[in-house]
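Open the model in your viewer and set it to show side chains. The stops below each give a selection and then what is found there.

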Amino acid sequence: MKYLMTMLVLVFCLPLLAQTPFDAEAERRLLLKDVSAIPALGRPGAVYISGETAFPVILSPTGERSPLVVAGSLGKGRVVGFGHEGYVSKEGAKNPQICFLVRNAVRWTAKSKEKPTILVKNAGEWADYFQSQNFSVKRLNWNETITAEMLESIDVVFVNPEHLDQNKGEVNLVKTATQNGKGLVVGGLGWGWKQLNRNKSLKDEQKANILCADVGFEWTEDILWSDNFPADITLPEMINYKNAKQYVLQNDFKTADKNIYGMALSTVMSNLVRRQEKPFVIASDFPKSAPKGSPKVIKKITIDTKVPYWHCTGLYAQAGEAVTLTAGEVKQGIFKIRIGTHTDKLYKVEGAWKRHPEISLAYPMNAGKNEVFNPFGGMIYIEVPENYQGENLTLQIAGAVEAPFFKLGSTSLEEWKNKIRYAPAPWGEIEGNNFAFTVESEYLKDLENPDEVAKFWDKIQAANRDLVDWDIKKPHKMRLAFDRQISLGYMHSGYPIMAHVGKDYVDEQANIINLTDTKKWGFVHELGHNHQESAWTFDGTTEVTCNLFSMYALETVMNAKNEQAIETLRFSVLKKLWEKYINEGKSFETWKKEPFIALMMYKQLIENYGWDALKRVFKKYKQMPKDALPKNDDEKRDVWLKVYSETVGENLSGFFDAWNIPVSEKAKNELTQLPNADVKKLMGEK
């Protein structure tokens, strides 16, 4: 009987023992032996930790301290995962520090076996390295198949999971072998995979995530921007969710240590979208909630899934309060429920935070009921992937409050004036067919003409598309949001474009709805950035070619002369800039550092040859095969000279020389059949 009881205890305890949490500090010391730091390969991604038996090995060095390398257990086996597939391919094998880490990972997953046997698929450079370490190696090429018999005789599988053939059962075979005690070392790139598979679920369909779903870590869409990743031995306390949540709730972000608070908040926010958590509030005065007692509504919404990215629901989630979204049959992870317009992360900004460094969340949408919340509150959106081919999405949202939301073609102007603009949410939105923007509600309560405002910005965006020959029929909305603090500059481009609230920034929120004021350069400048293309933007012109869109859109839509749009383009100002350029010897380095000096050159071309010529230039770039596009700055300047010259039918080599823009003699010689352009006329000297 005593023997039987002992056996029963062992039987019931074995699964628990297999899932016993590691002593992370001790295990990391083994994994980081001889490792001081590893470099970024490409642009690596974060691997999120969700399980109690998983732990980070290497973290990004600043800001939110997201994991790049993680480790954990899968059944009886051990797993190490890297946030970029390059670490398990030939790029990684070239770096000694990465080699040390991979060597340690192999030994650790082999449970400290000194000379393990490793199955290496489609990674010959690593097979060579392992043999140099006196490990036994079983090599497989990409087209050879892993079998159960192979796995019996090895200790560790070393592979990029994307090289596993699901149709031949390789993913399941490797996972089962790991659960039964084999080691596994893998690398993956979540954000890169998602870019190539927008209509698939990263969590459920990426092979790395399928393999490691039960380990307690997950490849995500988050990008790690560090170039070097130190091997800190001591784990930050705030990597633990319970510690992080307690710290955030008990400390003021304005007075707490930025590094500690930043990591704690990042841990909390990344956990919320992946675990079932009861709603709670993080004390904050931004982005605020609607007044207490504001009525909650139930609203049915249909989303046009042909239009990608964010769809505003016109609803606002109160800080720390649950919102229930009910969807029909949807594939998990394709659509997202976003709460919060303000997506800029401020972990790395210098100086004091004016609001919490992260306040927006995006939950994967599941079929049926989805209960979501944001501890800060925020506008509610549905995110649709690009090029989605399915049916429109119909859903119901309950538990949110109404926001001032005008959607061109859907919202009744009468209903807007009588009711909608007075909705209680602190933020509202104006949405056209090409452009949408989010502002504080106080700016919308007196707005009588939201339809005209929406149409105006539609025209601005249509002009941008027209200039650069974008497909006007392709559904796509640009978006802008105002924020108390942003990650970069006075404004910055992106999705959404970000701008500052407050009178200190010329009250841009008032200006975006004022259709008579021509001072809209900043908005259209950032829109221009969103339309720039690398092929015709060389060093020194990043802040220049975007302004071509500012000039064209404001001239086309508002009939605004350049100097009306921005004072820097007044003749007197440009004259002084030109004189300075001359006095400094027409230095190309000066040209590259002074955007409005460089813009003068483009302006002269437009004034002499017209906007239609520039449109034809851009169109020619569109028509070039990808392999014919210029690859570096020297080629970009040469191709710009040649394409513009051939488009206008005149050799512009002399004009480029007059501005001292370096172009090759080869490029100039290819244009000798064209008549020379009148340089003095181009430069306004006659």
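Select glutamine 461 and show its surroundings; its contacts, leaving aside residues up to four places away in sequence, are Asn434, Trp470, Met478, Leu527 and His531. The model is a predicted one. Glutamine 461 belongs to helix H14. Is glutamine 461 buried or exposed? Its relative accessible area is 0%, and since buried means under 20%, glutamine 461 is buried.

**The sheet beside helix H16**

Next, select the six strands that form an open sheet and follow them in the order S20-S21-S22-S23-S25-S24; their pairing is mixed. At the edges are strand S20 (405-407) and strand S24 (491-492), each of which pairs on one side only. Now add helix H16, which packs on this sheet and touches S22, strand S23 (478-483), S24 and strand S25 (497-500). The direction of H16 makes about 130° with that of S23.

Within the sheet, pick out strand S21 (residues 427-431) and strand S22 (residues 435-440), which run antiparallel and are joined by five bridges. To see one position in this pairing, select isoleucine 430 and, opposite it in S22, phenylalanine 437.

**Helix H17**

Move on to helix H17, residues 545-558. Why does the distance between its ends agree with its length? At 1.5 Å a residue its 14 residues should span 20 Å, and the end C-alpha atoms are 20 Å apart.

How many of the 14 residues of H17 are buried? The count is 11, so the helix is mostly covered. The buried residues include Thr545, Cys546, Asn547, Leu548 and Phe549, and also Met558. To see what covers them, select helix H14 (450-468), helix H16 (521-531), helix H18 (562-565) and helix H21 (595-623), which are among the covering elements. Then step just past the end of H17 to asparagine 559, where phi is positive at about 55°.

Keep Phe549 selected and add Trp536, Tyr602, Phe618, Tyr621, Trp640 and Tyr644: together these residues form one aromatic cluster.

**Strand S19 and its partners**

Select strand S19, residues 393-402. Seven of its 10 residues are buried, so the strand is largely enclosed by the rest of the structure. Three pairings can be shown here in turn.

- Strand S12 (residues 297-303) pairs with S19 in the antiparallel sense over seven bridges; isoleucine 298 stands opposite alanine 398 of S19.
- Strand S13 (residues 309-317) is also antiparallel to S19, with two bridges; the bridge partner of tyrosine 316 in S19 is valine 401.
- Strand S14 (residues 323-327) pairs with S19 in the antiparallel sense over four bridges; threonine 326 stands opposite glutamine 396 in S19.

**Aromatic pairs**

Colour the aromatic rings next; the structure has 42 aromatic pairs. Start with phenylalanine 217 and tryptophan 219, whose ring centres are 5.8 Å apart and whose planes meet at 75°, so the pair is edge-to-face. Phenylalanine 217 is buried, with a relative accessible area of 2%, and tryptophan 219 is buried at 1% relative accessibility.

Then select tryptophan 310 and tyrosine 495, an edge-to-face pair with 5.6 Å from centre to centre and 85° between the planes. Tryptophan 310 lies in strand S13 and tyrosine 495 in the loop between S24 and S25, so this pair ties together parts that are 185 residues apart in sequence. Tryptophan 310 counts as buried at 7% relative accessibility, whereas tyrosine 495 is partly exposed at 27% relative accessible area.

**Charges over rings**

Two arginines are worth a selection here. The charged end of arginine 78 sits over the ring of tryptophan 108, 4.6 Å from the ring centre. Likewise, the charged end of arginine 274 sits over the ring of tyrosine 48, at 4.2 Å from its centre.

**Last stop: serine 226**

Finish in the loop between strand S10 (217-223) and strand S11 (228-230), where serine 226 is placed. Which residues does serine 226 touch, not counting those up to four places away in sequence? They are Ala40, Arg43, Ser60, Pro61 and Lys348. Serine 226 counts as buried, at 9% relative accessibility.

Notes. Residues are numbered from 1 along each chain as its sequence is written. This is a predicted model: local features need pLDDT of at least 70, side-chain atom pairs count only at pLDDT 80 or more; totals for chains, interfaces and linings use all residues. Side-chain values use heavy atoms; hydrogens and water are left out. Buried means under 20% relative accessible area, exposed over 50%, partly exposed in between (1.4 Å probe, protein chains only). Contact means heavy atoms within 4.5 Å. The expected span of a helix is 1.5 Å times one less than its number of residues. Two strands pair if DSSP finds at least two bridges between them. Axes are lines fitted to C-alpha atoms, for helices over the stretch in contact, and angles run from 0 to 180 degrees between N-to-C directions. Rings of Phe, Tyr and Trp (its six-membered ring) pair if their centres lie within 6.5 Å; planes under 30 degrees apart count as stacked, over 60 as edge-to-face and the rest as tilted. A charge sits over a ring if NZ of Lys or CZ of Arg is within 6 Å of the ring centre and within 35 degrees of the ring normal.
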